[in-house]
Amino acid sequence: MAWKEMKKNKAKFLIIGAIVFLISLLTFIISGLANGLSQDNVSLIKNMPEGTFYMSEDSDDSHTQSHIDPQKLNETMKEDENAFAFSLQMGALKTESDNQQSVAFLTSTETSLFTRVDSGEVILDSSLKDQGIKVGDQLSSPQFQGTFEVVDFIHNQRFNHSSVAFINQKDFNHMFRTEEFQIIYSPQINEEISGLKAFTKNEFLSTIPSYQAEQMTLNMIVWFLIVISGMLFSIFFYMMNVQKIGMYGILKALGMRTGDLFKMIWSQMGLLTCTSLIASALISQTFQVFAPDTMPYHLPIATTVQLSVVFFVVGFLGSTISGFQIKKIEPLKAIQQGEA
Amino acid sequence: MSRLQLEEVRKSFINGDTEEEVLKGVNLTLREGEVTALIGASGSGKSTLLTIAAGLQRLSEGRVIFGDQNLPDLSSEQVRKIRAQHFGFVFQNSHLVPFLTVEEQLSMMMDIADMKGIKQYKQTKIKEILDQVGMSHRLTAYPSSLSGGEKQRVAVARAIIHEPKILFADEPTASLDSTRSRHTMELIQQLTKSFDMTTLTVTHDEEMLDYVDCIVKMSDGKIVNA
Ligand SMILES: Nc1ncnc2c1ncn2[C@@H]1O[C@H](COP(=O)(O)OP(=O)(O)OP(=O)(O)O)[C@@H](O)[C@H]1O
Ligand SMILES: [Mg+2]
């Protein structure tokens with residue numbers, strides 16, 4: 001019966017379906033952009049597997065002020081063969097044509113996560129390709145006497161909204177006048193190392209000042225969107241059903257079970273939201289593939305599914321609320337309203 | 001033989017602070033195979049009585065005996081079931097479901113009444129009833145394409161497709177012109193006989209009394225002559 005109604009009133013249901021589709025598409029795209037922006041900020045860290053980050057206790061929770069005692073590092077790496085140390089510093093690289101780019105210099109001890117780089121070489125995040133930088137280019141840096149030769153590009157390695165530049169430890173130490181690494185990373189979780197402060201991945205992310213502030217704004221945007229579009233959803237379903245309250249009353253007078261009416265409402269709502277959500281999920285995922293590289297857009301399937309579930313639940317609530325309205329109506333009222 | 005019996009039925013509505021008694025002790029017996037017409041001035045309580053008899057609203061006092069059951073004693077789910085299986089309704093407006101074809105309206109009513117049966121049986125049954133009301137040529141029409149009289153005939157067909165024991169009709173002809181009204185009443189009378197139903201109808205129209213077996217006049221919440 002629910003299906004027959006949708007077939008007869010195609011236009012009406014198409015409009016509601018289109019609204020659900022557009023609203024969810026909007027939410028998907030915006031959260032994709034928000035997510036992309038935060039990804040653009042710190043994808044280097046985000047792409048690392050879950051693990052523990054250690055900084056020195058006097059670091060004030062800032063990696064630039066952290067310095068790991070080399071002896072401690074040696075001990076740790078002996079105990080945990082997957083552990084490695086790395087350091088990050090903001091700086092700049094300049095092409096031969098005087099194009100200066102701000103980058104995050106990264107160096108690390110040997111690890112399978114990052115490729116080894118020799119002294120005088122650099123591996124860059126692929127976003128710098130769009131700036132006309134090619135493999136083989138010689139780049140200089142105000143902090144560095146010699147030049148770096150670009151040997152390779154890798155995808156999605158950003159830190160502090162800048163491209164990451166992998167360099168050799170020797171060059172790094174020379175540039176930033178340091179002998180010590182800032183951070184030890186271990187894929188192990190919940191391990192304490194005496195004299196060092198441990199951070200989970202999320203805790204470490206929130207020590208990055210730009211990340212924390214930005215994340216709050218982005219989360220607010222996305223949640224506002226979800227709440228508002230969720231309300232729109234339930235209002236639409238509510239309106240759709242309230243319009244038909246007279247008819248539901250007649251059906252009740254004829255002896256239809258309230259449960260069957262609920263089933264009818266739910267199946268319509270379910271069909272409508274499912275189709276619309278699937279369509280907008282597909283489009284937002286396709287958009288991901290075709291979005292230009294410079295546009296930060298990142299929408300994992302998991303997020304899409306989460307949002308879809310939220311919308312589904314909200315739509316369900318909306319139609320259930322109108323269902324209660326129906327439960328309350330007296331069949332008699334419906335008959336008499338029809339007469340008036 | 002009596003099918004439905006109302007005993008000392010009273011109904012009051014509370015209007016603000018005042019309690020208004022609309023039915024003041026009504027006794028009425030509806031007999032099998034007969035059409036009973038309720039007449040009386042507007043506001044005399046006819047619709048109230050009909051809806052109470054049909055289990056569509058609760059009474060304040062009294063008994064409504066259907067078979068060996070007293071409706072006020074039953075739960076609303078039990079009353080719903082009786083309505084679905086044993087009662088048929090024709091309203092002043094046909095109140096057809098706008099998005100169902102004539103055929104689907106009837107098939108829906110059979111589902112509501114929990115009528116078991118294979119598809120083929122249902123289809124034959126639907127054809128049979130529509131033949132009786134003279135609407136079998138509009139099987140796949142939607143209500144919006146039917147005239148008022150045609151809609152009411154489909155509504156009558158919907159009211160009897162599940163072979164109810166009692167047919168309730170509150171001013172079934174009020175929205176029809178005189179010829180169509182006569183046809184509809186004639187149809188109701190004829191179906192009451194052929195299906196051995198019991199029919200209670202409310203009417204304002206003296207002309208329609210030609211088609212009833214028993215006339216009950218109400219005045220101020222009481223039956224004045226039965
Ligand atoms: N739900 C209600 N709440 C309060 N008063 C009501 C309610 N339903 C009916 N009444 C009152 O009960 C009285 C009888 O109403 P009822 O509808 O039974 O009259 P009727 O005989 O069917 O009139 P009509 O011929 O105009 O249809 C009226 O005075 C009406 O105002
Ligand atoms: Mg009335």
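User: Let's call a residue near a molecule if one of its heavy atoms lies within 4 Å of it. How many residues surround ligand 1?

Analyst: This is a predicted model: local features need pLDDT of at least 70, side-chain atom pairs count only at pLDDT 80 or more, and totals for chains, interfaces and linings use all residues. Residues are numbered from 1 along each chain as written, chains are lettered from A and ligands numbered from 1 in written order, and side-chain values use heavy atoms, leaving out hydrogens and water. Ser42(B), Gly43(B), Lys46(B), Ser47(B) and Thr48(B) are the closest, and the full shell holds 14 residues.

User: Which residue places a polar side-chain atom 2.5 Å from an oxygen atom of ligand 1?

Analyst: Look at the polar contacts (N or O pairs within 3.5 Å). Backbone atoms take part at Gly45(B), 3.0 Å from a ligand 1 oxygen, and at Ser44(B), 3.3 Å from one. The side-chain partner you want is Ser42(B).

User: Which element gives the largest share of the shell around ligand 1?

Analyst: Helices (H or I, at least four residues) and strands (E, at least two) are DSSP runs numbered from the N terminus. With 3 residues, the top contributor is α1(B).

User: How is α4(B) set against α5(B), oblique or parallel?

Analyst: Helices α4 (119-133) and α5 (148-160) of chain B have axes, fitted to C-alpha atoms, that come within 9 Å and cross at roughly 135°. Since angles under 35 degrees count as roughly parallel, over 145 as roughly antiparallel, 65 to 115 as roughly perpendicular and the rest as oblique, α4(B) is to α5(B) oblique.

Definitions and conventions:
A polar contact is a pair of N or O atoms within 3.5 Å; within protein, one must be able to donate a hydrogen and the other to accept it, and residues adjacent in sequence count only if both atoms are side-chain atoms. Axes are lines fitted to C-alpha atoms, for helices over the stretch in contact, and angles run from 0 to 180 degrees between N-to-C directions.
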